[in-house]
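Please open the structure in the viewer and keep the selection tool at hand. The tour proceeds by stops, each with something to select and something to look for.

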Amino acid sequence: MLDSIDEAIVRELRKDARLQNKDLAERVNVAQSTAVVRHRALRERGVITGYHAEIDPSAVGQHVQAMLAVKIRPHTKEIVDPFMAYVLSLPETVALSHVTGPEDFLVHVAVSDVGHLQRLVLDKFTSRREVTEVHTNLLFSHVRKH
């Protein structure tokens, strides 16, 4: 459980993970020493699991993004775990979700062009024995909540 101070720290760090401690303390209305201790405790408890840079895919040549809805069979732990590791190892993978419903996975990918997307689907997904279906949806835009 998070108290109101921890919630405020998490909210501010979601907005700006590079926020300096003095600014964080000011925004959540606590002493700088309290902000340091609380921030460290949130990391140690596993509430904060990391920090990352937000990259514009187009700026690095990934002009096309898509969501792949993937069905696998059999849907067992012995197949699911290695499949997830495989998908996460692909450089085109932005995010992976294991879901309920008609598909088993939603894979967010970023690629250079539609030809790259087609090769990715055919060479890296439908060629795998456990993959029985892939539905591809192009993303017009992708916006993260901050």
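A search across the whole structure yields 9 salt bridges. The model under inspection is a predicted one.

**First stop: a link between a loop and a helix**

Select Arg 45 and Asp 6, which form a salt bridge whose closest N and O atoms are 3.5 Å apart. Arg 45 belongs to the loop between α3 (32-44) and β1 (64-72), whereas Asp 6 belongs to helix α1 (residues 4-15), so this pair ties together parts that are 39 residues apart in sequence. Which of the two counts as buried? Asp 6 does, because its relative accessibility is 5%, a value under the 20% limit for a buried residue. Arg 45, at 45% relative accessibility, counts as partly exposed.

**Second stop: a pair within one helix**

Remain with helix α1 and select Glu 12 and Lys 15, both of which lie in that helix, 3 residues apart, about one turn of the helix. Their side chains meet in a salt bridge, with 3.4 Å from N to O. Glu 12 is counted as buried, at 9% relative accessibility, while Lys 15 is counted as partly exposed, at 48%.

**Third stop: a link between two loops**

Next, select Arg 73 together with Asp 104; these residues form a salt bridge, and the closest N and O atoms are 3.0 Å apart. Arg 73 sits in the loop between β1 and α4 (77-89) and Asp 104 in the loop between β2 (93-98) and β3 (105-111), so the pair ties together parts that are 31 residues apart in sequence. Arg 73 has a relative accessible area of 40% and is partly exposed; Asp 104 has one of 4% and is buried. Then add Asp 3, Asp 6, Arg 38 and Arg 45 to the display: salt bridges that share partners join these residues into one network.

**Fourth stop: Val 99**

Select Val 99, which is found in the loop between β2 and β3. With a relative accessible area of 25%, Val 99 is partly exposed. Which residues is Val 99 in contact with, leaving aside its neighbours within four places in sequence? They are Asp 104, Phe 105 and Leu 106. For a distance check, select Val 134 as well: Val 99 and Val 134 are 14 Å apart in space, C-alpha to C-alpha, and 35 residues apart in sequence.

**Fifth stop: the sheet**

Now display the strands. An open sheet is formed by 4 strands in the order β2-β3-β1-β4, with antiparallel pairing. At the edges are β2 and β4 (131-138), each of which pairs on one side only. On average, and with direction ignored, neighbouring strands of this sheet are turned by 20 degrees against each other.

Focus on β1 and β4, which run antiparallel and are joined by 7 bridges. To see one of the partnerships, select Ile 72, whose bridge partner in β4 is Val 131.

**Final stop: the helices on the sheet**

Select α4, which packs on the sheet and touches β1, β2, β3 and β4. The direction of α4 makes about 160 degrees with that of β2. Finally, select helix α5 (residues 114-125), which also packs on the sheet and touches β1, β3 and β4. The direction of helix α5 makes about 20 degrees with that of β1.

Methods
Residues are numbered from 1 along each chain as its sequence is written. This is a predicted model: local features need pLDDT of at least 70, side-chain atom pairs count only at pLDDT 80 or more; totals for chains, interfaces and linings use all residues. Side-chain values use heavy atoms; hydrogens and water are left out. A salt bridge is a side-chain nitrogen of Lys or Arg within 4 Å of a carboxyl oxygen of Asp or Glu. Buried means under 20% relative accessible area, exposed over 50%, partly exposed in between (1.4 Å probe, protein chains only). Contact means heavy atoms within 4.5 Å. Two strands pair if DSSP finds at least two bridges between them. Axes are lines fitted to C-alpha atoms, for helices over the stretch in contact, and angles run from 0 to 180 degrees between N-to-C directions.
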